[in-house]
Amino acid sequence: MTINKALRRLPSVEKVLNASEARSLIEKYGRSLSLDAIRHAIEETRQGILSGALGTPVDGLESEILKKAAARLELIHSARLKKVINCSGVIIHTNLGRSILAEEAAEAAHSAALSNTNLEYSLDEGARGDRDNIVEDLITKVTGAEAATVVNNNAAAVLLALNTLSDAKETIVSRGELIEIGGSFRLPEIMSKSGCILREVGTTNRTHMADYENAVGENTGLILHAHTSNYRIVGFTSNPSLTELSAFARSKNLPLMVDLGSGTLIDLAFFCLPHEPTVQETLAQGADIVTISGDKLLGGPQAGIITGKKDIIQRIKANHLKRALRLDKITLAALEATLRIYLNPEEAVRKIPSLRYLSREISEIQAVAEDVRKVLQNHFGEKANVSVMDDISRAGSGSLPEIDIPSVSVAVNRKDMSPDETAAWFRKLNPPVIGRIENGLFRLDMRCVDDASVIGQSLPSS
Ligand SMILES: *Cc1c(COP(=O)(O)O)cnc(C)c1O
C-alpha cells in the first residue's frame, strides 16, 4: 500500500469521537481537552505515516489514535508537584522543597485549608483582628523577642525590614557579608530593591570597628549584619563581635539588624554539631531586629520571621509593602503548629523532621542502610552490586556551611548502566528517588530515609 492510501485511511475527528472509548475520555477529561488530544493524535499519526516511522498501517488506526489521545490526557492531568524521596545527602535541600513538616503542622495546614478560620477575626470581640496575632505570642515566647511579624520568606523579611528602616538611607554592611544564596537571593540586589543605599565597609576578610565608625554619617539608616550562610571566610580574618557592633549602633542611635538566615531556635551543640547562633542569643547580644527563614533549620513551612524591638516591629507592620508579602492561612496554620512544638524543645527534636534527621544516630542510619541494601540487591539480582558505605551529609539551605555530618549511603553499581543512567532510573521511580553521584559512584544517603520500606515502595514490582 502506498503512503497516500494509508493517509486516506486516517479516520476523521468526527469518526474517532463516535467511538465508545472517546466518549469515556470526554466524560473524564471534558470535551474541549479530549478533542484537542484526539486532533493531536491524528496529526501525530499522519506525520508518522509521512515520515515512514509507522510504515503503511492498514487496520487499527482508530484505536491507535485513541490510545495516543488517552496517554496525552493522562499526562496533562498528572501531578506536576510530586513527592520525592530525598537520598541526596542534603537534609534541607532547597530544590527538593526544604523542610518536611511535622505531623501536627501538616494536619493544621490541612484543616485550615478545608475550613474557614479566625484568620483576621477576634473571637472575643466578634470584630476584625490581626493575622499576626496567630503566631506573634508564640514567636516571642520561643525567641524571647519583644515582638514579631511574619511574611512570605526570609528574602521578603529582609526586603521589608530594610525598606522600613533604611529607605533612601545608607545601610552599612561588611564587605565579607555580601552574600548570595541559591535561588538568586543577593544581598546587594535586595538592598537596592528595598530602596536603601548599600554602604560597604572593610574588606572581604577583615572589617574593623573603625570601618563602621568612619562610614556613619548624616544619611545612615541602619547597620546590617548578615550570616554568611553558605560559605566561610577562614585564615587572616577579623570582625567585630555582635556585642561590640550593637554597643556601637546604640551609641550612634542606629538600629542593628541581623539577617540570620537559617535561624535555629535550639543550640545545635546539643546534637554534637557545631554551634550556630540562635535567635535567642542574637537578640540577647543586642540585635534590634533578627530575620530568619521558616523552612530551614526551624523546620516549618516557607515563611520569613522578623523578631525584635516592639517599636521597630510596629513600623514594619505599618509598612504597606507588608500587605504584598503577607502569609496565607494555610502557611500560618503550619507555622503556628511548628512553633507550638518548640514550646517544649525536647519534643521539637523528636517531632520536627529537619531536626530529627540532623541529629540522627549513625547506628540507626546504618541499620536502615543494611535493610535497603538487601531490598535493592534482591531487586537487581545479578544486574548490580549494592553495598553500604560511609558517607557525608550536609545540612543544606545555608545552615552549617561546609560542615561534614557523618552518614551512611547505599551505593548502587549497575552492570548494565552508567552512574548517570542509574541516577535517571531512580528518578523515574514512583515516587522518584533522588540520589547523587560522587567519585563515579551512584549512592543513596540514608540519613533522611525512615526505614527500608520507603525505598521498597518506590521499586517496580517485577
Ligand atoms: C536563606 C537565606 C536568605 C533567604 O531566605 P529565604 O527564606 O530563602 O527567602 C536570606 N538571608 C540569609 C542569610 C539566608 O541564609
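Helices (DSSP runs of H or I, at least four residues) and strands (runs of E, at least two) are numbered from the N terminus. This is a predicted model, in which local features need pLDDT of at least 70, side-chain atom pairs count only at pLDDT 80 or more, and totals for chains, interfaces and linings use all residues. Residues are numbered from 1 along each chain as its sequence is written, and side-chain values use heavy atoms, with hydrogens and water left out.

**View 1. Welcome to the whole protein, with its 20 helices and 17 strands.** The C-alpha trace spans about 95 × 55 × 45 Å along its principal axes. Of the 462 residues, 48% count as buried, where buried means under 20% relative accessible area, exposed over 50%, and partly exposed in between (1.4 Å probe, protein chains only).

**View 2. Here is the ligand in its pocket, the largest one.** A pocket is found on a 1 Å grid over the protein atoms alone, as an open set of points where a 1.4 Å probe fits, with protein on both sides within 12 Å along at least five of seven lines. A molecule sits in a pocket if more than half of its atoms lie within 2 Å of its grid points. There are 13 residues around the ligand, and Ala155, Ser229, Asp259, Ser293 and Lys296 come nearest; a residue is near a molecule if one of its heavy atoms lies within 4 Å of it. The shell is made up of four nonpolar, six polar and three charged residues. In this grouping Asp, Glu, Lys and Arg are charged, Ala, Val, Leu, Ile, Met, Phe, Trp, Tyr, Cys and Pro are nonpolar, and the others, Gly among them, are polar. At least two shell residues come from each of α8 (154–166) and β10 (256–261).

**View 3. Let us zoom in on polar contacts of the ligand, that is, pairs of N or O atoms within 3.5 Å.** A polar side-chain atom of Ser293 lies 2.6 Å from an oxygen atom of the ligand. For Lys296, an N or O atom of the side chain is 2.8 Å from a ligand oxygen atom. Asn154 takes part through its backbone, with an N or O atom 3.0 Å from an oxygen atom of the ligand. On its own the ligand has 380 Å² of accessible area, and the protein covers 95% of that (Shrake-Rupley method with a 1.4 Å probe).

**View 4. Next come some backbone details, beginning with a cis peptide bond between Asn430 and Pro431.** Its omega is about -5 degrees, and Pro431 belongs to the loop between α19 (419–427) and β15 (433–434). Most residues other than glycine have a negative phi, and most peptide bonds are trans. Ala168, not a glycine, has a positive phi of about 65 degrees; look for it in the loop between α8 and β5 (170–174). Cys272 also has a positive phi, about 60 degrees, without being a glycine. Cys272 lies in the loop between β10 and α12 (279–284) and counts as exposed because its relative accessibility is 75%.

**View 5. Finally, meet Asn153, in the loop between β4 (147–151) and α8.** Asn153 is partly exposed, because its relative accessible area is 27%. Its C-alpha atom is 9.0 Å from that of Leu327, with their positions 174 residues apart in sequence.

Methods
Polar contact = N/O pair within 3.5 Å; in protein donor to acceptor, adjacent residues only side chain to side chain. 1 Å grid on protein atoms, 1.4 Å probe; cavity = no way out; pocket = protein on both sides within 12 Å on 5 of 7 lines; lining within 4 Å.
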